[in-house]
Amino acid sequence: VCTGSVMRRAVKRGFDLAAALVLLLVSWPFMLLTAAAILLESRGQGPVLYRQQRVGENDALFTLIKFRSMRTDAEVAGACWAQLNDDRVTRVGRFIRKVRLDELPQLWNVLCGEMSIVGPRPERPEFVEGFKQRIPYYGLRHCVTPGLTGWAQLRYPYGASEADAIEKLRYDLYYVKNHDFQFDLMVLLQTVEVVLFG
(Lines give C-alpha, C1' and ligand atoms only; values in the text may rest on other atoms or scores of the structure.)
Protein backbone atom coordinates (compact mmCIF):
# COMPACT_ATOMS: atom_id res chain seq x y z
CA VAL A 1 0.00 0.00 0.00
CA CYS A 2 2.85 2.41 0.81
CA THR A 3 4.49 2.14 -2.58
CA GLY A 4 3.93 4.78 -5.22
CA SER A 5 5.53 5.34 -8.59
CA VAL A 6 7.90 8.25 -9.13
CA MET A 7 5.54 9.60 -11.81
CA ARG A 8 2.53 9.43 -9.49
CA ARG A 9 4.40 11.32 -6.77
CA ALA A 10 5.69 13.91 -9.26
CA VAL A 11 2.20 14.54 -10.65
CA LYS A 12 0.80 14.90 -7.14
CA ARG A 13 3.54 17.38 -6.17
CA GLY A 14 2.92 19.39 -9.33
CA PHE A 15 -0.81 19.45 -8.59
CA ASP A 16 -0.11 20.59 -5.01
CA LEU A 17 2.14 23.46 -6.08
CA ALA A 18 -0.21 24.68 -8.80
CA ALA A 19 -3.32 24.47 -6.59
CA ALA A 20 -1.58 26.12 -3.61
CA LEU A 21 -0.37 29.06 -5.72
CA VAL A 22 -3.81 29.58 -7.28
CA LEU A 23 -5.50 29.40 -3.87
CA LEU A 24 -3.01 31.91 -2.45
CA LEU A 25 -3.66 34.33 -5.31
CA VAL A 26 -7.42 34.06 -4.77
CA SER A 27 -7.46 34.03 -0.97
CA TRP A 28 -4.81 36.57 0.15
CA PRO A 29 -7.38 39.38 0.69
CA PHE A 30 -9.46 37.06 2.88
CA MET A 31 -6.32 36.08 4.79
CA LEU A 32 -5.55 39.75 5.51
CA LEU A 33 -9.13 40.35 6.69
CA THR A 34 -8.99 37.24 8.89
CA ALA A 35 -5.73 38.36 10.50
CA ALA A 36 -7.20 41.84 11.14
CA ALA A 37 -10.36 40.36 12.68
CA ILE A 38 -8.35 38.15 15.06
CA LEU A 39 -6.21 41.12 16.11
CA LEU A 40 -9.26 43.31 16.70
CA GLU A 41 -11.10 40.69 18.72
CA SER A 42 -8.07 39.97 20.91
CA ARG A 43 -7.14 43.69 21.09
CA GLY A 44 -3.65 42.83 19.96
CA GLN A 45 -3.17 40.27 22.74
CA GLY A 46 -2.07 36.86 21.53
CA PRO A 47 -0.83 35.56 18.20
CA VAL A 48 -2.76 35.64 14.93
CA LEU A 49 -1.32 32.30 13.83
CA TYR A 50 -1.49 29.02 15.72
CA ARG A 51 1.33 26.49 15.40
CA GLN A 52 1.03 22.86 16.40
CA GLN A 53 3.07 19.69 15.94
CA ARG A 54 1.47 17.11 13.64
CA VAL A 55 2.48 13.72 12.24
CA GLY A 56 3.23 13.71 8.52
CA GLU A 57 4.34 11.23 5.88
CA ASN A 58 6.47 8.36 7.23
CA ASP A 59 5.68 9.55 10.80
CA ALA A 60 7.82 12.70 10.36
CA LEU A 61 6.80 15.55 12.65
CA PHE A 62 6.14 19.01 11.23
CA THR A 63 4.66 22.29 12.44
CA LEU A 64 1.17 22.92 11.09
CA ILE A 65 0.09 26.56 10.77
CA LYS A 66 -3.48 27.83 11.11
CA PHE A 67 -5.23 31.06 11.98
CA ARG A 68 -5.88 31.04 15.73
CA SER A 69 -9.54 30.25 16.36
CA MET A 70 -9.39 29.46 20.09
CA ARG A 71 -8.58 31.37 23.25
CA THR A 72 -4.87 31.54 24.05
CA ASP A 73 -5.48 29.46 27.22
CA ALA A 74 -7.38 26.72 25.34
CA GLU A 75 -4.94 23.93 26.20
CA VAL A 76 -3.49 24.86 29.56
CA ALA A 77 -4.64 21.44 30.82
CA GLY A 78 -2.99 19.59 27.92
CA ALA A 79 -4.05 18.19 24.54
CA CYS A 80 -7.71 17.32 24.12
CA TRP A 81 -10.19 16.71 21.32
CA ALA A 82 -11.74 19.75 19.65
CA GLN A 83 -15.52 19.47 19.95
CA LEU A 84 -18.17 20.52 17.45
CA ASN A 85 -19.48 23.35 19.68
CA ASP A 86 -16.29 23.97 21.64
CA ASP A 87 -16.62 26.82 24.15
CA ARG A 88 -12.88 27.53 23.76
CA VAL A 89 -13.52 28.84 20.24
CA THR A 90 -13.72 32.63 19.88
CA ARG A 91 -16.48 34.46 17.98
CA VAL A 92 -14.16 35.17 15.06
CA GLY A 93 -12.86 31.61 15.35
CA ARG A 94 -16.35 30.17 15.03
CA PHE A 95 -16.89 32.03 11.75
CA ILE A 96 -13.52 31.30 10.17
CA ARG A 97 -13.89 27.62 11.05
CA LYS A 98 -17.32 27.50 9.45
CA VAL A 99 -16.02 28.88 6.14
CA ARG A 100 -12.62 27.16 6.49
CA LEU A 101 -10.61 30.39 6.49
CA ASP A 102 -8.62 29.12 9.49
CA GLU A 103 -7.06 26.47 7.23
CA LEU A 104 -5.56 28.85 4.65
CA PRO A 105 -2.12 29.32 6.30
CA GLN A 106 -1.56 25.60 5.73
CA LEU A 107 -0.93 26.50 2.09
CA TRP A 108 2.56 27.37 3.34
CA ASN A 109 2.88 23.79 4.63
CA VAL A 110 1.86 22.61 1.14
CA LEU A 111 4.45 24.80 -0.59
CA CYS A 112 7.12 23.47 1.80
CA GLY A 113 6.17 19.87 0.93
CA GLU A 114 5.05 19.00 4.46
CA MET A 115 1.42 18.71 3.39
CA SER A 116 -0.52 18.03 0.21
CA ILE A 117 -3.73 19.70 -0.96
CA VAL A 118 -5.53 16.33 -0.66
CA GLY A 119 -4.70 13.56 1.79
CA PRO A 120 -5.49 12.23 5.26
CA ARG A 121 -5.74 15.00 7.86
CA PRO A 122 -2.58 15.12 9.98
CA GLU A 123 -3.15 14.25 13.64
CA ARG A 124 -1.29 15.30 16.75
CA PRO A 125 1.51 12.97 17.92
CA GLU A 126 -0.15 12.67 21.35
CA PHE A 127 -3.14 10.97 19.70
CA VAL A 128 -1.30 9.06 16.95
CA GLU A 129 0.76 6.93 19.33
CA GLY A 130 -2.36 5.66 21.08
CA PHE A 131 -4.24 5.12 17.83
CA LYS A 132 -1.40 3.04 16.36
CA GLN A 133 -1.50 0.77 19.40
CA ARG A 134 -5.28 0.37 19.53
CA ILE A 135 -6.48 0.72 15.90
CA PRO A 136 -5.27 -1.88 13.36
CA TYR A 137 -3.59 -0.43 10.25
CA TYR A 138 -3.76 3.14 11.56
CA GLY A 139 -0.11 3.73 10.70
CA LEU A 140 -0.80 3.08 7.00
CA ARG A 141 -2.45 6.51 6.65
CA HIS A 142 1.06 7.97 7.02
CA CYS A 143 2.17 6.33 3.76
CA VAL A 144 1.15 9.51 1.91
CA THR A 145 1.56 13.21 2.58
CA PRO A 146 -1.22 14.53 4.84
CA GLY A 147 -3.71 16.90 3.25
CA LEU A 148 -5.44 20.22 3.67
CA THR A 149 -8.64 18.44 2.69
CA GLY A 150 -9.37 14.77 2.12
CA TRP A 151 -11.73 11.98 1.18
CA ALA A 152 -12.50 11.22 4.84
CA GLN A 153 -13.39 14.85 5.60
CA LEU A 154 -15.85 14.90 2.69
CA ARG A 155 -17.43 11.52 3.40
CA TYR A 156 -17.60 11.55 7.20
CA PRO A 157 -18.96 14.27 9.53
CA TYR A 158 -16.84 16.14 12.07
CA GLY A 159 -14.96 13.62 14.23
CA ALA A 160 -14.08 14.18 17.87
CA SER A 161 -13.53 10.73 19.36
CA GLU A 162 -11.58 7.52 18.85
CA ALA A 163 -14.69 5.85 17.39
CA ASP A 164 -14.80 8.61 14.77
CA ALA A 165 -11.09 8.08 14.06
CA ILE A 166 -11.78 4.39 13.35
CA GLU A 167 -14.56 5.23 10.90
CA LYS A 168 -12.55 7.94 9.14
CA LEU A 169 -9.62 5.52 8.80
CA ARG A 170 -11.66 3.44 6.31
CA TYR A 171 -11.85 6.43 3.96
CA ASP A 172 -8.21 7.37 4.53
CA LEU A 173 -7.03 3.86 3.63
CA TYR A 174 -9.20 3.88 0.51
CA TYR A 175 -7.54 7.14 -0.49
CA VAL A 176 -4.02 5.84 0.24
CA LYS A 177 -4.64 2.88 -2.04
CA ASN A 178 -6.46 4.65 -4.87
CA HIS A 179 -5.30 8.26 -5.04
CA ASP A 180 -4.39 9.75 -8.41
CA PHE A 181 -4.70 13.13 -10.17
CA GLN A 182 -8.40 12.69 -11.01
CA PHE A 183 -9.23 11.63 -7.44
CA ASP A 184 -7.37 14.63 -5.98
CA LEU A 185 -9.07 17.03 -8.39
CA MET A 186 -12.51 15.62 -7.54
CA VAL A 187 -11.88 15.98 -3.79
CA LEU A 188 -10.63 19.55 -4.24
CA LEU A 189 -13.66 20.57 -6.35
CA GLN A 190 -16.08 18.96 -3.88
CA THR A 191 -14.33 20.78 -1.02
CA VAL A 192 -14.78 24.11 -2.82
CA GLU A 193 -18.45 23.24 -3.31
CA VAL A 194 -18.86 22.50 0.41
CA VAL A 195 -17.15 25.76 1.41
CA LEU A 196 -19.20 27.89 -1.00
CA PHE A 197 -22.59 26.20 -0.63
CA GLY A 198 -22.39 24.41 2.73
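In this predicted model, strands S1 and S2 form a hairpin, with five residues between them. Asn58 lies in the turn and has a positive phi of about 55°. S1 covers residues 49–55, and S2 covers residues 61–67. The two strands pair in the antiparallel sense, over seven bridges. One of the bridge partnerships joins Arg51 to Ile65 in S2. Five of the seven residues of S2 are buried, so this strand is largely enclosed by the rest of the structure. In a regular strand, side chains alternate between the two faces of the sheet.

Thr145 was examined next. This residue lies in the loop between helix H4 (125–134) and strand S4 (147–149). Its relative accessibility is 15%, below the 20% cut-off, so Thr145 counts as buried. The side chain of Thr145 makes a polar contact with the side chain of Glu57, at 2.9 Å. Glu57 is also among the residues that Thr145 touches when residues up to four places away in sequence are not counted. The others on that list are Gly113, Glu114, Met115, Ser116, Val118, Gly119 and Pro120.

Aromatic rings were then considered. A pair of aromatic rings is described by the distance of the centres and the angle of the planes. A search of the whole structure finds six aromatic pairs. In one of them, the ring centres of Phe15 and Phe181 are 5.6 Å apart. Their planes stand at 90°, so the pair is edge-to-face. This pair links distant parts of the chain. Phe15 belongs to helix H1 (residues 6–42) and Phe181 to helix H7 (residues 181–197), 166 residues apart. Phe15 is buried, with a relative accessible area of 10%. Phe181, at 39% relative accessibility, counts as partly exposed.

Trp151 and Phe183 form another pair, with ring centres 5.2 Å apart. The planes meet at 75°, so this pair is also edge-to-face. Here too the pair links distant parts of the chain: Trp151 sits in helix H5 (residues 151–155) and Phe183 in helix H7, 32 residues apart. Both Trp151 and Phe183 are buried. Ring pairs link these two residues with Tyr174 and Tyr175 into a cluster.

A charge also sits over a ring in this model. The charged end of Arg170 is placed over the ring of Tyr171, 5.6 Å from the ring centre.

Technical notes:
Residues numbered from 1 in each chain as written. Predicted model: local features only at pLDDT ≥ 70, side-chain atom pairs only at ≥ 80, totals over all residues. Heavy atoms only, no water. Helix = DSSP H or I, 4+ residues; strand = E, 2+ residues; numbered from the N terminus. Buried < 20%, exposed > 50% of the residue type's maximum accessible area, 1.4 Å probe, protein only. Polar contact = N/O pair within 3.5 Å; in protein donor to acceptor, adjacent residues only side chain to side chain. Contact = heavy atoms within 4.5 Å. Phe/Tyr/Trp six-rings, centres within 6.5 Å; stacked < 30°, edge-to-face > 60°. Lys NZ or Arg CZ within 6 Å of the ring centre and 35° of its normal. Pairing = 2+ DSSP bridges.
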